[in-house]
Amino acid sequence: MTCDNGYSPRLIALEVTRTCYMHCRHCRAGATNERYNDEFSSEEIFKVLDNIASFAEPIIILTGGEPMLRGDIYDIASYGTQHGLTMVMAPCGFLITNETIEKMKKAGIKRISLSLDGARRETHDNFRQVKGSFDGVLKAADLAGRGGLEFQINTTVHRQNMDELPKILELAVGLGAKAFHPFLLVPTGRAKNLVDQEISPEEYEQILNWIYEQRETVPIHFKPTCAPHYYRVCIQRERERKETASHSLHRFDRMSKGCMGGQSFAFISHTGKVYICGFLEKEAGDLRDEDYDFRKIWDSSPLFLNIRDIDHYGGKCGYCEYRQVCGGCRARAYALTGDCLAEEPFCVYTPNIPVQDREAKHGK
């Protein structure tokens with residue numbers, strides 16, 4: 001399906017609960033092991049899924065908190081599956097058993113994501129602040145593999161684990177993961193206290209180039225998330241391999257693009273607030289106020305419309321020749337400047353655009 005405005009949601013994260021027994025240092029939600037008031041009921045979630053399925057066919061990520069703490073989680077997954085939506089889940093790992101694996105499969109869950117934030121027990125457990133969480137992830141991966149449920153490994157990259165990335169990749173392959181997605185830390189939620197753990201722009205660039213170099217050598221899908229300038233790096237590296245600029249641009253634009261927030265991705269909170277992503281703390285709309293009409297928010301929210309107007313981004317992001325495939329991280333820009341349309345603060349690239357053209361684009 002294609003929306004009338006040309007923007008269709010391909011991926012929607014649905015935070016079914018904020019309750020969680022973990023206390024991860026980077027948690028965007030600041031989740032705790034307590035009951036949160038006013039969370040969406042089953043019926044409200046069903047209404048939202050009905051609306052989404054009426055105009056799009058995105059992947060729905062059931063996330064949290066710990067989504068498995070909701071007693072109706074399998075009913076929610078089944079409902080989405082029955083309405084033609086691809087349902088996946090992001091559990092923490094501890095609650096994964098042979099029985100829950102079978103329940104997920106029966107409910108139509110196609111894949112789960114498991115977070116592994118270190119190649120060593122000490123690194124991961126320190127970041128997650130729960131002893132035994134590393135072993136819990138390894139056990140969950142083993143059970144999923146044996147039970148025939150696809151899983152991917154996600155890693156939040158920060159200063160304490162960046163040197164372990166090659167080993168984490170090796171571990172993900174050895175565990176039988178279908179994909180490995182490193183997430184570049186965005187200082188929001190509890191991670192606001194981890195600004196000193198964010199890697200430098202130069203290290204960011206080095207990691208993206210390393211990922212590019214590994215992508216054809218590993219047997220699983222491997223790409224970063226919250227790292228939109230990876231696609232600029234890909235095009236630059238392809239050019240170095242004597243491919244034409246137009247061929248490279250077409251190839252990687254078809255594969256994906258940089259920041260998907262508000263363009264093909266959205267985040268729905270546990271109380272029905274809609275955001276362009278879970279890391280940008282700026283509300284685009286409230287589903288309860290809009291009678292659970294997600295499409296109305298998707299099509300008409302001023303925030304979504306502004307995010308899609310890439311040419312009017314601030315600074316070099318507004319005139320960079322890679323803006324259509326990158327766009328910069330809007331959440332990182334907002335976290336560090338207070339303006340979600342501002343220039344990506346962690347990009348080292350200087351656009352190859354004449355000064356007069358830059359001034360003309362920005363009306364200077």
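Which residues of helix 2 (residues 73–82) are buried? They are Ile73, Tyr74, Ile76, Ala77, Tyr79 and Gly80, where buried means under 20% relative accessible area, with exposed over 50% and partly exposed in between, for a 1.4 Å probe and protein chains only. Helices here are DSSP runs of H or I with at least four residues, strands are runs of E with at least two, and both are numbered from the N terminus.

This is a predicted model, in which local features need pLDDT of at least 70 and side-chain atom pairs count only at pLDDT 80 or more, while totals for chains, interfaces and linings use all residues. Residues are numbered from 1 along each chain as its sequence is written, and side-chain values use heavy atoms, with hydrogens and water left out.

**The protein as a whole**

The protein has 13 helices and 10 strands, and buried residues make up 58% of its 364 residues. Taking contacts (heavy atoms within 4.5 Å) between residues at least 6 apart in sequence, 69% join residues at least 24 apart.

**Helices and their neighbours**

The cover over the buried residues of helix 2 includes helix 1 (42–53), strand 2 (59–63), strand 3 (86–89), helix 3 (98–107) and strand 4 (109–115). After helix 2 comes Gly84, with a positive phi near 85°.

In helix 12 (residues 330–337), the residues Arg330, Ala331, Arg332 and Ala333 are buried, and the buried residues of helix 12 pack against strand 6 (179–184), helix 7 and helix 11 (302–308). Helix 12 is followed by Gly338, whose phi is positive, near 85°.

Helix 6 (residues 165–175) packs with helix 7 (residues 201–214) at an angle of about 35°, their axes being 12 Å apart; axes are lines fitted to C-alpha atoms, for helices over the stretch in contact, and angles run from 0 to 180 degrees between N-to-C directions. On the side of helix 6 the contact is made by Leu165, Pro166 and Leu169, and on the side of helix 7 by Ile207, Trp210 and Gln214.

**Loops with unusual backbone values**

Most residues other than glycine have a negative phi, and most peptide bonds are trans. The peptide bond from Gly64 to Gly65, however, is cis, with omega near 25°, and Gly65 is placed in the loop between strand 2 and helix 2. Two residues that are not glycine have a positive phi, as the table sets out.

| Residue | Phi | Loop | Relative accessible area |
|---|---|---|---|
| Cys226 | about 60° | between strand 7 (221–222) and helix 8 (230–240) | 18%, buried |
| Tyr292 | near 65° | between strand 10 (285–286) and helix 10 (294–300) | 13%, buried |

**Cavities**

Rolling a probe the size of a water molecule over the atoms shows where empty space is left. A cavity is a set of points, on a 1 Å grid over the protein atoms alone, where a 1.4 Å probe fits but cannot get out, and its lining residues have an atom within 4 Å of a point. A search of the whole structure finds 2 cavities of 30 Å³ or more.

The largest cavity holds about 130 Å³ of space, and of the 14 residues that line it, Cys317, Cys320, Cys326, Gly328 and Cys347 lie nearest its centre. The second largest cavity has a volume of about 30 Å³, and its lining includes Lys257, Cys259, Tyr313, Cys326, Gly328 and Arg330.

Note on methods. 1 Å grid on protein atoms, 1.4 Å probe; cavity = no way out; pocket = protein on both sides within 12 Å on 5 of 7 lines; lining within 4 Å. Points joined across faces, edges and corners; volume = space filled by probe spheres on them.
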